[in-house]
Amino acid sequence: MNNYENAISIMAERFGKDSLIAIATSDGERLYNRMVDAYYEDGAFYVSTNALSNKIRQIESHPDVAVCAVDWFSGHGIGRNLGWVLDPKNADIRSKLREAFAAWYDHANNEQDKNCCILEVRLTDGMLIKDHHAIRYQIDFTGKSALLSENWGEFK
């Protein structure tokens, strides 16, 4: 496997389940940050939320976001509201979110409410750390490449 494939494999292993991440958004004047439960798949984090929430309102005006996970990842992406969770186009990702968030999904979401939506954060770049900084991947999700640094050395 190449650096990118290794990094993506680690991302899927770490975040392809209910994962706590911070999402930073902007209203154009101030920055806002909040913790959310997210699920990672194929270069994006997915969050079940409400279309009337501040994060969705801010993302609709300023889609550039930053994310950070306790499990040694930080990066940037483009946020977008995928719409109502019961929209047929969201069936596949909805099913995965229901499985990943099974312990609490039905208690926190009213799927009959048309404002119950899915937020996608399509990652553009990020830094993934493994083994307490022994291995670092500088990931370009858009270009599907990654640079590797071992033991704080240069990125290769």
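**Notebook: salt bridges, cores and selected residues**

Entry 1. I began with Arg122, which counts as partly exposed at 33% relative accessibility. The model I am reading is a predicted one. I then looked up the partner of Arg122: its side chain meets that of Glu120 in a salt bridge, with 3.1 Å from N to O. Glu120 counts as buried because its relative accessible area is 6%, and the cut-off for buried is under 20%. This pair therefore joins a buried residue, Glu120, to a partly exposed one, Arg122.

I also looked for salt bridges with shared partners, and found that Arg94, Arg98, Asp106 and Glu111 are joined by them into one network. My search of the whole structure returned 7 salt bridges. In general, side chains of opposite charge can pair when their charged atoms come close.

Entry 2. I turned next to Glu111 within that network. Where does Glu111 sit? I located Glu111 in the loop between α4 (105-108) and β6 (116-130). Is Glu111 buried or exposed? I entered Glu111 as buried, because its relative accessible area is 12%.

I then went through the partners of Glu111. Its side chain forms a salt bridge with that of Arg94, at 2.7 Å from N to O. The two residues are 17 apart and link distant parts of the chain, with Arg94 in helix α3 (residues 91-100) and Glu111 in the loop between α4 and β6. The side chains of Arg94 and Glu111 are also listed as a polar contact of 2.7 Å. Arg94 counts as partly exposed, since its relative accessibility is 22%.

Arg98 forms a salt bridge with Glu111 as well, and here the closest N and O atoms are 3.4 Å apart. This pair also links distant parts of the chain: Arg98 belongs to helix α3, Glu111 to the loop between α4 and β6, and 13 residues separate them. I recorded Arg98 as partly exposed on account of its 26% relative accessibility.

The side chain of Glu111 has a further polar contact, with the side chain of Tyr105, at 2.7 Å. Leaving out residues up to four places away in sequence, I found Glu111 touching Trp84, Val85, Leu86, Arg94, Arg98, Tyr105 and Cys116.

Entry 3. I next examined the nonpolar interior. Which members of the largest nonpolar core touch the most other members? Of its 30 residues, these are Met11, Ile23, Phe45, Phe73, Leu123 and Tyr137. I took Leu123 as an example and left out residues up to four places away in sequence; its contacts are Met11, Tyr40, Gly43, Ala44, Phe45, Val67, Phe73, His76, Gly77 and Phe141. Another core, of 11 residues, lies apart from the largest one, and its members include Tyr39, Ile93, Tyr105 and Ile118. In soluble globular proteins, nonpolar side chains tend to be buried together.

Entry 4. I checked Ile21, which belongs to strand β1 (residues 19-26). Ile21 is buried, because its relative accessible area is 0%. Residues up to four places away aside, Ile21 touches Arg34, Met35, Val36, Ala38, Phe45, Val67, Cys68 and Ala69. For Ile21 and Ala38, which are 17 residues apart along the chain, I noted a C-alpha separation of 6.6 Å.

Entry 5. I then looked at the surface. Which residues make the nonpolar patch of about 310 Å²? They are Leu20, Met35 and Val70. Val70 is placed in the loop between β4 (64-69) and β5 (73-84). I entered Val70 as exposed, because its relative accessibility is 63% and the cut-off is over 50%.

Entry 6. I closed with Arg136, in strand β7 (residues 135-140). Is Arg136 buried or exposed? Arg136 is buried, because its relative accessible area is 10%. Its contacts, not counting neighbours within four places in sequence, are Met127, Leu128, Ile129, Leu147, Leu148, Ser149, Trp152, Gly153 and Phe155. One of these contacts is Gly153, which lies 17 residues from Arg136 along the chain, with 9.3 Å between the two C-alpha atoms.

Conventions:
Residues numbered from 1 in each chain as written. Predicted model: local features only at pLDDT ≥ 70, side-chain atom pairs only at ≥ 80, totals over all residues. Heavy atoms only, no water. Core = buried A, V, L, I, M, F, W, Y, C linked by side-chain atoms within 4.5 Å. Buried < 20%, exposed > 50% of the residue type's maximum accessible area, 1.4 Å probe, protein only. Contact = heavy atoms within 4.5 Å. Patch = residues over 30% accessible without salt bridge, like charges linked within 9 Å, V, L, I, M, F, W, Y side chains within 5 Å. Areas by Shrake-Rupley, 256 points an atom, 1.4 Å probe, with all protein chains shown as cover. Salt bridge = Lys/Arg side-chain N within 4 Å of Asp/Glu carboxyl O. Helix = DSSP H or I, 4+ residues; strand = E, 2+ residues; numbered from the N terminus. Polar contact = N/O pair within 3.5 Å; in protein donor to acceptor, adjacent residues only side chain to side chain.
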